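Trainee: I would like to learn how to read the sheets and helix contacts of this model. Please take me through them one at a time.
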Amino acid sequence: MDSQSYGDLNIFPSHHTSFSVFALFKKTKTLGGRDRLEEMMRNPGNDVDYLTQRRDSIEFFKISNLEVKVHHDQFDLILHYLNYDKGYLRNNLIDSTLAFISNKINSNQDYYIVQIGLDQLLSLLRHSVELVSVLTDTKSPEFLKRIGRKMSAILDNEDIKYAIPLTAKKNLRYYELSKLDALIRRKNTFRIIELLRIFYELDVFETLAKISKDKNFCLPTYTHDKNVNIAIKGLFHPGINEPVCNDIVIDNKNNLIFLTGSNMAGKSSFLKSIGIAVYLSHIGFPVPARELHTVVFNGLITTINLADNIQNGLSHYFSEVLRVKQIASTLIETTRLFIILDELFKGTNSKDAHDGSLMVLNGLSEIQNSIFIISSHITELTKQLKKENIELRYLENLIVDKIPKFTYLLKEGVSEDGIGMYFLHKENISELLTQARTNDLT
């Protein structure tokens, strides 16, 4: 994916829209979890085994209702303690006693930070012991087993072992506090940081599982077919309230979908829906659909909201030409791409738009190892598209009592209903222009 595709699909926040896919998922309990979530979302991949393992981990959280009992303030206090640059409490009975008495007489910030930090750390270690048994259970997926083994290795360290029995105590004795501080900050800070990273990962999995359940998202299934294919049932756009769901099946026999529909029929929203679904399946995340089965693609390229490049002196049309050139060059280098183009060549006159679109459609129809979904208002093109692998689809709109009604349902065939004149008449444009001309003559 490139920046244009990320922007088209509103993956991350921007000033163009209030919706973003990232905002939909960023409900983690910790800031580190949110950072890990963003890292995952910026790195879609084509390793089917890795994607499957991540998918299975989310599914395990979803089915088991496993809860990661952490909170943001807890991690803040632990990190502040670990990074505190003041000296350690002395690990001997006399000095630890003096430090304790001194703090009793005159409250000491250093002592307080150590005390609070270790209290939160012990709580985390207690929960880690609980989680290890669940994560390493025979029923858990392999990815979570590996995480459980990493966590177990940290807990098995001799210094960390000293802390485990202390997790059962409500309050540490002052000499226990001093010894534990010396063991943690002098020798094991890096191990605790690694433990926090493990929790960030688990935080993301729990969050994704909860969102999948709350929003009725599905988890993707990956096929190992030689030919490109994708099948989605109940696809919807996650940013639309009460969205209409659609089904679509694409394989090498219909790998070019030519999509038509009137203005406001929902073409761009549909294209974004399927683009988001393909993207999310390639990070192993829940998908806004009832079911999704797909091969793994090597790239996702979209052109939905292409802007003029004023700084380089490029018109909208020439920007479109360069975008198509970029796609063609990528197709030479890479197979199994998923490509979405919305309203080809809308930045030029109708003849050039027609001829240019026809040339691109005919060229792409010759390529069998990728999938293309292309929308257009130029319905006349359908009479000239003869390749068997081109499938015609449209988004339905009806005229009920002379008023347009949009069903947002995907149908087979071509849209023949234009509604542009309806809105011109509805807004009395002709009458207003007549009044303006009369006023000009007077």
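Mentor: Start with one bridge: Ile 257 has Ile 373 in β8 as its bridge partner. This is a predicted model, in which local features need pLDDT of at least 70, side-chain atom pairs count only at pLDDT 80 or more, and totals for chains, interfaces and linings use all residues. Residues are numbered from 1 along each chain as its sequence is written, and side-chain values use heavy atoms, with hydrogens and water left out.

Trainee: Which strands does that bridge belong to, and in what sense do strand β4 and strand β8 pair?

Mentor: Two strands pair if DSSP finds at least two bridges between them. Strand β4 (residues 256–260) and strand β8 (residues 371–375) share 4 bridges and pair in the parallel sense. The element names come from DSSP runs numbered from the N terminus: helices are H or I with at least four residues, strands are E with at least two.

Trainee: In what order do the 6 strands of that open sheet stand?

Mentor: The order is β6-β7-β8-β4-β9-β10, and the pairing is mixed. β6 (299–303) and β10 (403–412) are at the edges with a single partner strand each, so one side of each has no neighbour in the sheet. On average, neighbouring strands of this sheet are turned by 15° against each other, direction ignored.

Trainee: How are such angles defined, and which helices pack on this sheet?

Mentor: Axes are lines fitted to C-alpha atoms, for helices over the stretch in contact, and angles run from 0 to 180 degrees between N-to-C directions. Contact means heavy atoms within 4.5 Å. α12 packs on the sheet and touches β4, β6, β7 (337–342), β8, β9 (390–400) and β10, its direction making about 160° with that of β7. Helix α14 (residues 350–365) lies across β4, β7, β8 and β9 and runs at about 150° to β4.

Trainee: What is the strand order in the open sheet of 4 strands?

Mentor: That sheet has the order β1-β5-β2-β3, with mixed pairing. β1 and β3 (246–251) stand at its edges, each with a single partner strand, so each has one side without a neighbour in the sheet. β2 and β3 pair in the antiparallel sense over 5 bridges, and Ile 232 stands opposite Ile 248 in β3. Helix α12 (residues 267–281) packs on this sheet too, touching β1, β2, β3 and β5, and its direction makes about 115° with that of β2.

Trainee: How is β5 joined to β1 and to β2?

Mentor: Strand β1 (residues 221–222) runs parallel to β5, with 2 bridges between them; Tyr 222 has Thr 294 as its bridge partner. Strand β2 (residues 229–235) runs antiparallel to β5, with 4 bridges, and Ile 232 stands opposite Leu 292. Strand β5 (residues 291–294) has Leu 292 and Thr 294 on its covered face and Glu 291 and His 293 on its uncovered one.

Trainee: How should I read a pair of packed helices?

Mentor: Two packed helices are described by the angle between their axes and the distance between the axes. Angles under 35 degrees count as roughly parallel, over 145 as roughly antiparallel, 65 to 115 as roughly perpendicular and the rest as oblique. Helix α4 (residues 48–64) and helix α11 (residues 189–214) pack at about 65°, with axes 8 Å apart. They are therefore roughly perpendicular to each other. The contact involves residues of α4 including Arg 54, Ile 58 and Phe 61, and residues of α11 including Phe 205, Leu 208 and Ala 209.

Trainee: What classes of residue make up the contact of α4 with α11?

Mentor: Ala, Val, Leu, Ile, Met, Phe, Trp, Tyr, Cys and Pro count as nonpolar, Asp, Glu, Lys and Arg as charged, and the others, Gly among them, as polar. The contact of α4 with α11 has 6 nonpolar, 2 polar and 4 charged residues.

Trainee: At what angle do α5 and α11 cross?

Mentor: The axes of helix α5 (residues 72–82) and α11 cross at roughly 160° and come within 11 Å. α5 is therefore roughly antiparallel to α11. Phe 75, Ile 78, Leu 79 and Leu 82 of α5 make the contact with residues of α11 that include Ile 192, Ile 193 and Leu 196. By class, the contact of α5 with α11 has 9 nonpolar, 1 polar and no charged residues.

Key: Buried means under 20% relative accessible area, exposed over 50%, partly exposed in between (1.4 Å probe, protein chains only).
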